[in-house]
Amino acid sequence: MTIPELEAIAKEIRVDVIRMLVEAGSGHPGGSLSCTDMVTALYFHQMRHRPDQPDWADRDRFVLSKGHCVPAVYAALARAGYFEREETLSLRKLNSRMQGHPDRHRFPYVEASTGSLGQGLSVAVGMALAAKAGGKDYRTYCVISDGECQAGQIWEAAMSAPRFKLDNLCVLMDYNHIQLSGVTDDIMSLEPLLDKWRAFNWNTLEIDGHDFPAILDALKAAEQHRDGPTMIVCQTVKGKGVSFMENRWEWHGKAPSREEGEQAIAEIVNGAPPAS
Amino acid sequence: MSAIATRVTFGETVTRLADTNPDIVVLDADLRKSTMTDEFSRKHPERFFDVGIAEGNMVGVGAGMALAGKIPFICSFACFVVGRFEQIRMAVAYNRANVKIVGTHAGIGIGEDGYSQMATEDMGLMRTLPNMAVVQPADGIETRGAVEYIAQHDGPVFLRLTRQKVADVNGEGYEFRFGKAVVLREGADVSLVGTGAVMENVLKAADLLAAQGISAQVANIHTIKPIDTGFIESVASSHGRIVTVEDHGISGGLGSAVAEAVAELGRGRVKRVGVTEFAESGDTEGLYGKYGLSAEHISAAAVGLMD
């Protein structure tokens, strides 16, 4: 798939995210929009998977550790052909498979139920370890947030993946620098972040998380790395693509109104208005 | 068999099962010599993973391996692994991950290490999770059967094991039947319903009661969840008096499970014998005497129901 095609899909996914959240009346737009490009790159370029055979044993695994941003994944899975796009509009409603945070039992196209921050990376390590133990060559991808790196279990998992020589594990960190209550550096700074992951013996890369050529290059480099797991720190913009949401912590966990949603969609489709 | 710590039988059994089941893997958190997974680690090194002293990560890694088709036994002291309740709730239970949580060193019977290593809340916590089975074998032969069963049970299980040796209560030829109470002795006046390491004292209590002219049934409940409701309802009807006994806090474990079933039936009385305080270092017998789990305590509880 070409870069312009990926960019077009990412736009569609962002539009779907806004539509879903408007219909749901709640949810997390900021982080869903900041991780959209990496999710797009994974599902539409990097990962080996079969939408017509979701339980294919050799599929690459994807764990969204930052489970609150699952609208971006629902939109990607629908676009990829796993299920009808209309169903995404049932997000967060009674009897829907589209739980507010992913539930693999109700919705088997996600690999793991997540939503308690700090835990998903351990599950991804387990999937990668199972591949090693079972002679499988699938790869495991995991998207984590910046804020959840404040949880100790992230560093337990970080210690274990190099120990188990998991060169089949690639983690992308959605470093949008904002968490629910404010700026990450103010709440509990992660810096020096790359040094931390390096000190834990990870192969580390740092990229612009909205630059598709950079994302694809990094994913390829991670796949070729043969000496343990790779961490791709993706510098991102919270609320990316919607001017009034960008870099605003207020949009971490608040759904746009119908009017705000229309404005957001117009901006995503046509590009943000010039700064006033 | 003779008196044996149930953790020892677990270690032997899981190692043997792995010879023929390539999906079995064992995770441990730097306690292999205590959880008795050491033998597994030597016999199946490619399927043994020590995560270090990081039980939360062990729970998540085990869940991930289960979701990828493995059958992980994740092992630590019961208090440490169940202490990661929220990870178990999310990564194991909610994911419907086929993880076998093995908690050794259950209860105050572990002795000298003291309260920090004594799991007395674990069954209560695990019982609250909708799909978690809770199994506590009482002796070696029952442990062997329980581990064999658990390996092929489809879904998460919490297996609770002892540090200390426990006497045989089942005879040779015993067959483990998941979810079914085991009547060890018949009796008409009162039913003594126990689980795990206390069964020897429960049998002794029945002797003490017999000397007083009270005929006590003794039943061993190895499956605390799903509890054998049919058995409890039948005993509540036929005996009317039930004493529950466990080396676990008095809230949340076997006693609670039995009391819930009896309350919903609306017939019969229950007296719970269990741990009500933070225990301390000491020998098992001394601790059971001080904290209310001796044969004398159990028989006294039964006598209290006889009015």
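Here is a walk through this predicted model, from a sheet in chain A to a strand in chain B and then to the aromatic rings.

Let us start in chain A. Five strands form an open sheet there, in the order β1-β2-β3-β7-β6, and their pairing is parallel. At the edges lie β1 (61-64) and β6 (203-208), each of which pairs on one side only. On average, neighbouring strands of this sheet are turned by 20° against each other, with direction ignored. Helix α3 (residues 36-46) of chain A packs on the sheet and touches β1, β2, β3 and β7 (230-235). The direction of α3 makes about 170° with that of β2(A). Within the sheet, six bridges join β2 (residues 140-145) to β3 (residues 169-175) of chain A in the parallel sense, and Val143(A) stands opposite Leu172(A) in β3(A).

Now turn to chain B and strand β10 (residues 190-195). How many of its six residues are buried? Six of the six are, so to speak, under cover: β10(B) is mostly covered. Val190(B), Leu192(B) and Gly194(B) point one way from the strand, while Ser191(B), Val193(B) and Thr195(B) point the other way. Strand β10(B) pairs in the parallel sense with β11 (residues 216-220) of chain B over five bridges, and it runs parallel to β13 (residues 241-249) of chain B, to which five bridges also join it. Val193(B) is a handy residue to follow here: it stands opposite Ala219(B) in β11(B), and its bridge partner in β13(B) is Thr244(B). Together with helix α9 (residues 199-211) of chain B, β10(B) and β11(B) make a right-handed β-α-β unit.

Finally, look at the aromatic rings, which form 16 pairs over all chains. The ring centres of Tyr43(A) and Phe62(A) are 5.6 Å apart and their planes stand at 75°, so this pair is edge-to-face. Tyr43(A) belongs to helix α3 and Phe62(A) to strand β1 of chain A, 19 residues apart, so the pair links distant parts of the chain. Both residues are buried.

Phe83(A) and Phe107(A) are also edge-to-face, because their planes are at 85° with the centres 5.1 Å apart. Phe83(A) is buried at 8% relative accessibility, and Phe107(A) is buried at 0%. Ring pairs link these two with Tyr74(A), Tyr82(A) and Tyr109(A) into a cluster.

Charged side chains visit rings too. The charged end of Arg50(A) sits over the ring of Trp56(A), 3.7 Å from its centre, and Lys254(A) lies over the face of Trp251(A), at 4.2 Å from the ring centre.

Notes:
Residues numbered from 1 in each chain as written. Chains lettered and ligands numbered in written order. Predicted model: local features only at pLDDT ≥ 70, side-chain atom pairs only at ≥ 80, totals over all residues. Heavy atoms only, no water. Pairing = 2+ DSSP bridges. Helix = DSSP H or I, 4+ residues; strand = E, 2+ residues; numbered from the N terminus. Axes fitted to C-alpha atoms, helices over the stretch in contact; angles between N-to-C directions. Contact = heavy atoms within 4.5 Å. Buried < 20%, exposed > 50% of the residue type's maximum accessible area, 1.4 Å probe, protein only. Right-handed = clockwise from strand over helix to strand, strands pointing away. Phe/Tyr/Trp six-rings, centres within 6.5 Å; stacked < 30°, edge-to-face > 60°. Lys NZ or Arg CZ within 6 Å of the ring centre and 35° of its normal.
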